[in-house]
Amino acid sequence: MSYSPIIQKTIEYIETNLHEELSLENIAQFAGFSKYHFHRIFQKEVGVTVSEYVRYRRIANSANMLLYTDKKIIDIAFYYRFETQESFTRSFKKYYQLPPGQYRKIMGKLTLQREDVMLKNEQLKGWKLSGSHPFNYKMGIDREIFHKGKASGFLKAVTVQSQAEFATMMQQFKAEKYLGKRIKLSGFIKSKGVDGFCGFWMRVDDALGDVLQFDNMSDRPIVGDTEWNHYYIVLDVPKNSAVISFGVLLSGKGQVWIDELKFEEVDERTPTTNIDFTVDLLDEPTNLSFEEWE
């Protein structure tokens, strides 16, 4: 059984209620599971417990408010359901190594200094822009919108004219380390105004450049406006693999953000998401005189 749709529905619920009371009991009830079973499947799918996820998302949103609003620290703490300013400060320091007041003062200045760099489409270490019309898109770092930490990566349509145009923010690496294994790419995606579709993609090629495994989430596309949510791709890496490519794809107009990407080896109990292009292939030509119909 795939728990991904349930986890995504639950994360959507959490994201829209971060300023409300969120206990494991009421989140599990929303998902339709016992709290003990839901605790296990959420941690297995997302990599952290439900309570840890809620805590770091509240802290991340608090960090954003500290930099981009003038709200008082105690008001931010109460808004995100911390009982005291002291408990908020302890939690905040755990993630950012600074108390909220110092973070606002120090990081606020750095953020202003970086604004110009963001506008210049700064080079991202390890990432490159590709696709059918990469010159119509822009990629970069966003320090105002992020899922955890201090920044996210983004891919944005700039001069796109149709949904037929697409670009990808991507990486490639040698497959040698993963030969004969099943790997999972996971992470968080947020979208805005996507009129085509967006999503993660991953491809495994051999030394001749032939595609051995591939998935671009075209059967579960992300469209329109969506809040941060968890998505993944699972592919096998055959023994004759040479290169693994991955990234985020944006077709048409809009913008997509990605954060907290992770690669891990999984066992055969985790089903692959590989798109099998041979499923619909016929053994021989058919209906060449157009006399047959369904």
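Here are legends for a set of close-up views of this structure, which is a predicted model.

**Figure 1. The whole chain, before zooming in.**
The protein has 7 helices and 9 strands. Its C-alpha trace spans about 75 × 50 × 40 Å along the principal axes. Of the 294 residues in the protein, 44% are buried. Take the contacts between residues at least 6 apart in sequence: 73% of them join residues at least 24 apart. The views that follow start with the helices, then turn to two loops and two buried polar residues.

**Figure 2. The buried side of helix α2.**
Helix α2 runs over residues 24-31, and Ile27, Ala28 and Ala31 are its buried residues shown here. They sit on the same side of α2, because the arc they cover around the axis is only 100°. And what lies over them? The cover for the buried residues of α2 includes α1 (4-15), α3 (35-46) and α4 (50-68). Look just past the end of α2 and you'll find Gly32, with a positive phi of about 90°.

**Figure 3. Where α2 meets α3.**
The axes of these two helices, α2 and α3, cross at roughly 85° and come within 9 Å. With that angle, α2 is roughly perpendicular to α3. On the α2 side, the residues in the contact are Leu24, Glu25, Ile27, Ala28 and Ala31, and they meet Lys35, Phe38 and His39 of α3. Sorted by class, the contact of α2 with α3 has 5 nonpolar, 1 polar and 2 charged residues. Ile27, Ala28 and Ala31 turn up again here, having already appeared as buried residues of α2.

**Figure 4. Where α1 meets α3.**
Helix α3 also packs against α1: their axes come within 11 Å and cross at roughly 95°. An angle between 65 and 115 degrees counts as roughly perpendicular, so α1 and α3 are roughly perpendicular to each other. From α1 come Ser4, Ile7, Thr10, Ile11 and Ile14, which meet Phe38, Ile41, Phe42, Glu45 and Val46 in α3. The residues of this α1 and α3 contact divide into 7 nonpolar, 2 polar and 1 charged. Phe38 is worth picking out, as it takes part in the contact with α1 and in the contact with α2.

**Figure 5. Lys44 on helix α3.**
Staying with helix α3, this view picks out Lys44. Is Lys44 buried or exposed? With a relative accessibility of 61%, Lys44 counts as exposed. The partner to look for is Tyr3: 41 residues separate it from Lys44 along the chain, while their C-alpha atoms are 9.9 Å apart.

**Figure 6. Two loop residues with positive phi.**
Most residues other than glycine have a negative phi, so positive values are worth a look. Arg81 lies in the loop between α5 (73-79) and α6 (85-96), and its phi is near 70°. At 39% relative accessible area, Arg81 is partly exposed. Gln97 is in the loop that links α6 and α7 (100-119). For Gln97, phi is near 60°, again positive in a residue other than glycine. Gln97 is exposed, its relative accessible area being 59%.

**Figure 7. Asn136, a buried loop residue.**
Asn136 sits in the loop between β1 (128-131) and β2 (137-142). Its relative accessible area is 10%, so Asn136 is buried. Which side chain makes a polar contact of 2.7 Å with that of Asn136? The partner is Thr159, through its side chain. A polar contact of 2.8 Å also joins the side chain of Asn136 to that of Glu165. Beyond its neighbours within four places in sequence, Asn136 is in contact with Lys156, Ala157, Val158, Thr159, Val160 and Glu165.

**Figure 8. Ser191, a buried residue in strand β5.**
Ser191 belongs to strand β5, which covers residues 181-206. Its relative accessibility is 2%, so Ser191 counts as buried. A polar atom of the Ser191 side chain lies 3.0 Å from the backbone oxygen of Gly224. The side chains of Ser191 and Thr226 make a polar contact at 2.6 Å. Leaving out neighbours within four places in sequence, the residues in contact with Ser191 include Cys198, Ile222, Val223, Gly224, Asp225 and Thr226. Gln255, Val256 and Trp257 are also in contact with Ser191.

Conventions
Residues numbered from 1 in each chain as written. Predicted model: local features only at pLDDT ≥ 70, side-chain atom pairs only at ≥ 80, totals over all residues. Heavy atoms only, no water. Helix = DSSP H or I, 4+ residues; strand = E, 2+ residues; numbered from the N terminus. Buried < 20%, exposed > 50% of the residue type's maximum accessible area, 1.4 Å probe, protein only. Polar contact = N/O pair within 3.5 Å; in protein donor to acceptor, adjacent residues only side chain to side chain. Contact = heavy atoms within 4.5 Å. Arc of directions from axis to C-beta. Axes fitted to C-alpha atoms, helices over the stretch in contact; angles between N-to-C directions. Parallel < 35°, antiparallel > 145°, perpendicular 65-115°, else oblique. Nonpolar A, V, L, I, M, F, W, Y, C, P; charged D, E, K, R; others polar.
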